[in-house]
Amino acid sequence: MSESLTTALVEMREDDVLGAVRAAKNAGATPADIIADLQAGMKEIGDKYEAEEYYLSELIMSAEIFKRALEELGLDKSAADTGRRGTVVLGTVHTDIHDIGKNIVASVLSANGFKVVDLGVDVPVQAFVEATQESGAQVVGLSCLLTTAFPAMQETIAAFADAGLRDKVSIIIGGGPVNADLAQQLGADGAGASAQEAVNLAASAVQGGAA
Amino acid sequence: MIAPSSDPRWERLRKSVALEPVDKVPVCLEGVAWSARVIGMSLKEFLSDPLIATQANIDAFELVGNADCVNNPTFDLSSLPFLWMTGVKRPGYDVGDDEPWQVEESGYMTTDDYDRILEMGWPAFQAQFLNERIRPGLLEEFLGFLRAGPAVVEKVSASGMPYLCMAIIIQPFESLCGGRTFSQFILDLYRMPDKVEEVMQSMFQGLNDAAIAGSAALGSPGVWIGGWRSASRMLAQPLWDRFVWPYVSELVTQVDAAGLIPILHFDSDWTRDLSRLLELPAKKCILSLDSMTDVRKAKEILGDHMCIMGDVPPALLSSGTPEQVYEHCTQLVKDIGPTGYILQSGCDIPIDAPLENVRAMADAAEDAAS
């Protein structure tokens, strides 16, 4: 493990991260080794977020640095989101076009080793089911900002039951007005208040724990 | 400010801001889209004229029956692009006549615009930006809304409905962040902090002078100081200290100096920095929370310093039962009130909140007083 690379990422020193990646590459490190160092940094950043030492801005900046580091290696983000930790289907539900939170969650999940199938915004109910069937995702993330999109969340969750998939996937909801009470009311397995909570819930779900 | 009044609703508001004992925790309705829906008006019609929106707010207020005031008595959709430098999908144009408006996260503004702002000055840049990049005629729509101010106040005064403010003002962070998109703006703060700060300082000069002076001229009790994406939970402490707090603090000073109540409309989670609000003038401000900030922590830290407003969760108002709303609000009144507290929804009342739930909120305050 390259401590300098990991530390530079944790400290948001973008140029130093890119320099360390180039140096490691020139020294013969494999892309897999370099990605592992970067993901160790992402893990530490996540821990600092949990401890309220870091905030959303650090999650966003570190995910961006991570992406640029992959580009430095000649890779795109799919090199990191190999599904090592699992696959997450993500989208903003039908009737809602807000995507700030959803996009941040996608970046942070990806940088933490999840494969992310991002369906975008205003996603029809059935598209979530089909993407889950095609990708074999273990986790589905439903996002909304509008309370008027709650029925669409509920319909989406019901569609998984109709397709016989409900007990095969964990469904997590997120977004401004969403909380644990609502998750229970809608029949979801959990609610994420932040991108880092989404990572924790997804990890827990993939490991077989309750989301 | 709120002058002493023979109307008990105005008195409750005045005393709540001054942290004086009240006979009942006042209830404020932040209706906007909900007001239209609850009286059976389409959003397209609600947004067609500021006076129609005002009448809808008056009708909704009277329908609830036992609330004490509304937050803003009117609304116009052009105000959102003006504040946030981005497009909005409009009922009747971009979405159905009665579907909620939705703010775009499109990144109309580029990093090159920082230099343009410095060259042109903010007012000229903003005028050109709104009309040329978002929608032709947008600035004129907003100016038309402002011109309706005196007629709105006349209508509201005739109805007797108390209200808190006529204008929303913001710090540069919110406009730039809305224009750039949240994620891109965060990257700008890390990659070009000095440039962003130079732009913020440049545009801040006089940014809100007209809104503050206009509010005072209209006799508005207070002015909204909006904080959405600049919340503590969004930003590393050094970024918040440098790009948010100095501007918020200065805005409060400006509003207070004009004799108006600074209404800190702080959405999302500001818990980390609540103690900084002790630096603001005592017994002058209202801190309006949306249920993401720890309201009990706010009471603990700021209860002797400023009035707290909120923070009934939107999801509860939208999807809970009247009994659940009543129970939640009764607990809020007990924990946060009765002194220095105004019971309100966390941010706007959701458009789909049943009338019975809003009445349950108002009833909880009334029953607690009896």
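**Exercise 1. Helices on the sheet of chain B**

Across which strands of chain B does helix α16 (residues 295-302) lie?

*Conventions.* This is a predicted model, in which local features need pLDDT of at least 70, side-chain atom pairs count only at pLDDT 80 or more, and totals for chains, interfaces and linings use all residues. Residues are numbered from 1 along each chain as its sequence is written, while chains are lettered from A and ligands numbered from 1 in the order in which they are written.

*Solution.*
1. Helices (H or I, at least four residues) and strands (E, at least two) are DSSP runs, numbered from the N terminus.
2. Helix α16(B) lies across β8 and β9 of chain B and runs at about 175 degrees to β9(B). Such angles run from 0 to 180 degrees between N-to-C directions, and axes are lines fitted to C-alpha atoms, for helices over the stretch in contact.
3. Two residues are in contact if their C-beta atoms, placed from the backbone, lie within 7 Å.
4. Helix α13 (residues 209-218) of chain B also packs on the sheet, where it touches β5 and β6 of chain B, and its direction makes about 170 degrees with that of β5(B).

**Exercise 2. The sheet itself**

Determine the strand order of the open sheet in chain B and identify its edges.

*Solution.*
1. Two strands pair if DSSP finds at least two bridges between them.
2. The six strands follow the order β5-β6-β7-β8-β9-β10 (chain B), with parallel pairing.
3. The edges are β5 (165-170) and β10 (341-345) of chain B; each has a single partner strand, so one side of each lacks a neighbour in the sheet.
4. From one strand to the next, the twist averages 25 degrees.
5. At one edge, β9(B) (residues 307-312) pairs with β10(B) over five bridges in the parallel sense, and Val312(B) has Ser345(B) as its bridge partner.

**Exercise 3. Strand β7(B)**

Why is strand β7 (residues 261-266) of chain B described as largely enclosed?

*Solution.*
1. A residue is buried if 20 or more other C-beta atoms lie within 10 Å of its own, exposed if 12 or fewer, and partly exposed in between, with C-beta atoms placed from the backbone.
2. Six of the six residues of β7(B) are buried, so the strand is largely enclosed by the rest of the structure.
3. In a regular strand the side chains alternate between the two faces of the sheet.
4. On one side of β7(B) lie Ile261(B), Ile263(B) and His265(B), and on the other Pro262(B), Leu264(B) and Phe266(B), all of them buried.
5. Six bridges link β7(B) in parallel to β6(B) (residues 222-227), with Gly227(B) opposite Phe266(B).
6. Four bridges link β7(B) in parallel to β8(B) (residues 286-289), with Leu264(B) opposite Leu287(B).

**Exercise 4. Two helix environments in chain B**

Describe the burial of helix α10(B) and the packing of α6(B) on α12(B).

*Solution.*
1. Nine of the nine residues of α10(B) (residues 172-180) are buried, so this helix is largely enclosed by the rest of the structure. Among them are Phe173(B), Leu176(B) and Arg180(B).
2. Thr181(B) follows α10(B) and has a positive phi, near 85 degrees.
3. Helices α6(B) (residues 112-120) and α12(B) (residues 193-204) pack at about 35 degrees, their axes 10 Å apart.
4. Tyr114(B), Ile117(B) and Leu118(B) of α6(B) meet residues of α12(B) including Val196(B), Val199(B) and Met203(B).
5. The residues of this contact comprise six nonpolar, one polar and two charged. Here Ala, Val, Leu, Ile, Met, Phe, Trp, Tyr, Cys and Pro count as nonpolar, Asp, Glu, Lys and Arg as charged, and the others, Gly among them, as polar.

**Exercise 5. Chain A and its partner**

Characterise chain A, then the side of chain B that touches chain A.

*Solution.*
1. Chain A has nine helices and five strands, and 56% of its 211 residues count as buried.
2. One buried residue is Val117(A), with 21 other C-beta atoms within 10 Å; Val117(A) belongs to strand β2(A) (residues 115-118).
3. Between the chains, 22 residues of chain B are in contact with 24 residues of chain A.
4. Helix α11(B) (182-191) and helix α17(B) (314-319) each give two or more residues to this side of chain B, and α11(B) gives the most, with five.
5. This side of chain B divides into 14 nonpolar, four polar and four charged residues.
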